[in-house]
Amino acid sequence: MSKWVYAFGNGKADGAASMRNLLGGKGANLAEMANLGLPVPPGFTITTEVCTYYYANGRQYPADLVASVDAALASVGKALGRGFGDKKAPLLVSVRSGARASMPGMMDTVLNLGLNDETVEGLAAESGNPRFAYDSYRRFITMYSSVVLGLDHSLFEDILDTAKEEKGVSLDTELDADDMKAIAARFAQLVEDETEKPFPQDPKAQLWGAIGAVFGSWMNARAITYRRLHNIPESWGTAVNVQAMVFGNMGDDSATGVAFTRNPATGENALYGEFLVNAQGEDVVAGIRTPQQITLAAKKAASSSLPAMEERMPETFKELVAVTQRLEKHFRDMQDIEFTVEKGRLWMLQARSGKRTAKAALKIAVEMVADKLVTKDEAIARIDPAQLDQLLHPTLDPKAPRQLLASGLPASPGAASGEVVFDAGEAEHLAGEGHDVILVRIETSPEDIHGMHAAKGILTARGGMTSHAAVVARGMGRPCVSGAGGVRIDPAKGTLTAGGETLQKGDIVTIDGATGHVYKGRVPTIEPELSGDFAVLMEWADARRTMKVRTNAETPLDAKMARNFGAEGIGLCRTEHMFFEAERIVAVREMILSETEDERRAALAKILPMQRQDFIELFHIMRGLPVTIRLLDPPLHEFLPKTDEEIAEVAAASGLDRVRLAERVADLHEVNPMLGHRGCRLGITYPEIYEMQARAIFEAAAAVNREYGETVTPEIMIPLVGIKAELAHLTARIATVAAAVVKETGLQIPYLVGTMIELPRAAVRAAEIAEAAEFFSFGTNDLTQTTFGISRDDAARFINDYLRKGLIESDPFVTLDLDGVGELMRMAADRGRSSRPGIKLGICGEHGGDPRSIAFCAELGLDYVSCSPFRVPIARLAAAQAALATMETRDV
């Protein structure tokens with residue numbers, strides 16, 4: 001028979017901190033505190049397995065759960081000398097959620113449960129404090145009606161506000177016992193008017209209503225959203241904690257508060273928190289009354305005139321300090337604590353690992369290693385890699401006022417303000433004149449690259465987390481909000497409409513790429529600081545990881561930035577991005593319009609010195625580290641204008657024939673360009689393109705060797721290979737070019753030729769392809785597209801529906817789909833090694849910067865991951881955590 005209920009209190013517990021999967025974080029830590037002998041009100045936890053059962057069985061409970069709860073409730077009452085529903089000495093309880101992962105504020109809570117028209121009189125008589133009793137009753141009616149009965153909380157607030165106005169007071173604490181009794185009666189009448197039923201008077205019915213509401217809240221909209229954002233599986237479920245109430249609202253010798261054992265914003269080793277006298281926990285977070293500081297130091301720092309707990313309740317404060325220090329030492333982490341003081345007696349209601357900023361997380365981890373509370377490996381494992389983004393980009397000042405216009409996807413972190421600009425060329429022009437601009441597009445294309453680079457941030461109405469805008473913005477370190485469906489953009493009129501506002505070109509907006517929010521006007525930002533703690537922790541991480549971390553970069557700026565962030569080479573240089581620069585796009589278009597090979601070669605000869613100089617700069621910045629260069633990948637039409645107006649404009653600016661340009665645009669049109677004439681197919685049709693690029697690479701390697709004495713081993717990557725013959729054919733052409741450059745320069749140039757694995761057929765035939773490839777790099781952006789048959793630029797339109805309905809656990813363009821794409825990667829790795837032992841394997845898709853995907857790459861034994869420059873530190877830490885996890889698995 002399953003055990004559904006675990007008791008705690010009076011110095012003992014059925015559970016322990018190690019049982020958080022079963023008891024949830026709150027329940028496990030309540031049990032642990034009880035076992036430590038700390039002052040914890042007695043109670044019990046209904047396990048997460050009940051939640052799983054509840055949803056698997058049509059929201060029904062296990063048959064023996066009621067008896068288990070009744071027995072546990074009787075035990076709590078016996079320990080306190082009270083009875084649930086007793087008219088003279090009533091036992092009141094709180095009912096709270098408690099998932100294994102902290103989800104603050106996402107699920108429901110009910111306090112003061114067990115009160116009714118009779119027990120409230122008993123509580124008033126027993127306590128000698130009728131005001132306290134009726135204050136608790138009106139709070140219970142409000143909370144129960146909102147959480148369980150579904151009534152709007154504001155209806156009750158309106159009655160309370162009216163009562164205060166009628167009496168001419170502003171604070172709840174200024175209302176007396178008669179006021180509270182009258183308010184409770186008006187609350188109960190409101191419930192009857194709204195539901196056509198009296199407020200529930202049976203305490204057991206109240207209890208099961210609250211338990212059902214807490215289990216039900218596991219599937220409320222905000223909890224589902226929070227789980228999706230923090231990658232918490234729905235299958236985990238929540239526990240329910242039923243605990244005897246202790247009261248912070250019994251008078252001036254009672255209080256309630258929240259404390260952190262260290263400052264969660266800075267990591268400073270000092271008690272941090274707030275409390276309220278004569279209040280319950282909801283008051284601290286509701287903002288109705290101004291909270292008071294716990295310590296005198298914090299009071300002074302906040303320039304507060306309200307007394308700190310340290311001076312208002314000095315003895316209780318000393319006890320609180322001792323308990324918090326003991327808890328931090330025991331749990332070996334910064335703790336977030338809830339407490340209540342009832343008539344001078346301290347009670348602990350919760351202890352959990354506290355949420356903290358990235359800056360605080362690093363400081364706490366490094367200091368705890370110095371204090372020998374944790375090991376270096378434990379410190380590495382505790383930092384959320386994704387959180388490091390906070391340290392690398394400007395963030396919005398949390399104190400600054402703001403007006404929300406719209407929300408989209410948090411595509412690239414950081415915050416920026418600027419003038420709204422709808423055209424990439426205009427963005428570049430205005431930025432050159434010193435303006436801060438936000439490039440606003442329905443969606444971006446490769447032609448917008450110059451405007452994206454010039455802009456402070458990018459906002460698009462369409463596109464997902466791996467759309468063109470998102471990928472390029474992350475690579476550049478630009479904040480980006482993509483897929484903002486509530487934004488209506490009219491480029492012709494030069495307007496942006498959102499949130500009931502219409503903005504014109506030149507109006508100021510602020511975007512927050514970490515949250516996906518768009519604000520009207522300029523919102524102040526805070527510049528990032530890379531503290532010494534960051535360098536210390538990254539040094540520890542680098543010592544542990546086995547995978548190398550490279551970067552995706554094609555500009556000197558990106559390459560230098562990535563090196564500063566610790567990149568160990570370039571895993572993907574996208575040469576097409578180099579073609580869009582203003583001084584070379586004319587030559588590229590001339591090449592595309594050429595009708596003969598000779599004409600194409602003449603145009604390519606103009607591009608060659610520019611490409612060569614690009615590679616010289618990259619090779620020199622990387623100083624002997626590997627540089628993987630992907631030859632031209634996108635279809636040629638992406639380099640040409642699209643509309644008649646754009647065609648006329650380009651023809652006039654470049655001197656190209658407008659009619660011929662329009663005809664060529666029509667000739668190159670493809671129904672499905674993602675699967676069309678691109679990648680290695682271009683190199684086979686127009687071998688002179690790849691030959692020019694190969695020559696630029698080899699001449700650059702020779703120049704760097706000659707000028708700087710640095711030996712460069714370029715890795716030439718041929719994209720979209722599906723059959724061995726494609727790769728072998730192009731490798732032979734590259735070898736011919738290499739031989740020619742060696743003969744011309746007199747220098748031997750070592751190099752590798754490999755391919756991207758981005759087609760399912762390439763994965764299936766990897767053993768054969770590896771015979772011609774010296775390395776594989778998994779291009780997981782395209783591999784995900786071709787495996788699912790989904791365009792990543794269009795996926796944002798429906799992928800959230802899949803997430804909301806539980807059809808998929810995560811966006812496959814953000815985190816690798818291990819069952820499908822991951823299985824193809826495993827197959828390709830195994831088969832590639834079977835025919836070429838020791839083949840170099842890496843990943844260069846956006847997944848190379850995703851911590852969960854990096855863990856899978858480590859499992860496959862990849863040699864490196866490659867990601868955008870700003871994700872390099874994240875990848876370094878995630879790779880170290882993956883290595884530690886592998887070591888733990890082996891030890892087991």
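**A bent helix and two open sheets**

Visitor: What makes α24 count as bent at Ile 607?

Guide: Welcome to this predicted model! α24 bends by about 35° at Ile 607. That value is the angle between an axis fitted to the seven residues ending at the bend and one fitted to the seven starting there, so the 35° at Ile 607 is a change in direction between those two stretches of α24. A proline, Pro 609, follows within four residues of Ile 607.

Visitor: How do you know what span is expected of α24, and what does the helix reach?

Guide: Helix α24 covers residues 597–622, which makes 26 residues. The expected span is 1.5 Å times one less than the number of residues, and therefore 38 Å is the figure to set against this helix. From first C-alpha to last, α24 reaches 35 Å, close to that expectation. After the helix comes Arg 623, with a positive phi near 45°.

Visitor: Let's turn to the strands. How do you know that β20 and β21 pair?

Guide: Pairing takes at least two bridges, and β20 (residues 495–498) has four to β21, so the two strands qualify. They run antiparallel. Within β21, Leu 503 stands opposite Leu 496, and Thr 502 is the bridge partner of Thr 497. The two strands form a hairpin with two residues between them, and Gly 499 in that turn has a positive phi of about 55°.

Visitor: What makes β19 a partner of β20?

Guide: Three bridges join them in the antiparallel sense, and at least two are needed, so β19 and β20 pair as well. Arg 488 has Thr 497 of β20 as its bridge partner. The hairpin of β19 and β20 has four residues between the strands, and Gly 494 there takes a positive phi near 70°.

Visitor: Which strands are the edges of the sheet with the order β19-β20-β21?

Guide: This open sheet of three strands is antiparallel in its pairing. Its edge strands are β19 (488–490) and β21 (501–504), each pairing on one side only. From one strand to the next, the twist averages 15°.

Visitor: And in the sheet ordered β9-β8-β7-β10-β11, why are β9 and β11 at the edges?

Guide: Those five strands form an open sheet with antiparallel pairing. β9 (292–293) and β11 (345–353) each have a single partner strand, so one side of each is left without a neighbour in the sheet.

Visitor: How many bridges link β10 and β11?

Guide: Eight bridges, in the antiparallel sense, link β10 (residues 335–342) with β11. One of the facing residues is Arg 345 in β11, the bridge partner of Glu 342.

Conventions
Residues numbered from 1 in each chain as written. Predicted model: local features only at pLDDT ≥ 70, side-chain atom pairs only at ≥ 80, totals over all residues. Heavy atoms only, no water. Axes fitted to C-alpha atoms, helices over the stretch in contact; angles between N-to-C directions.
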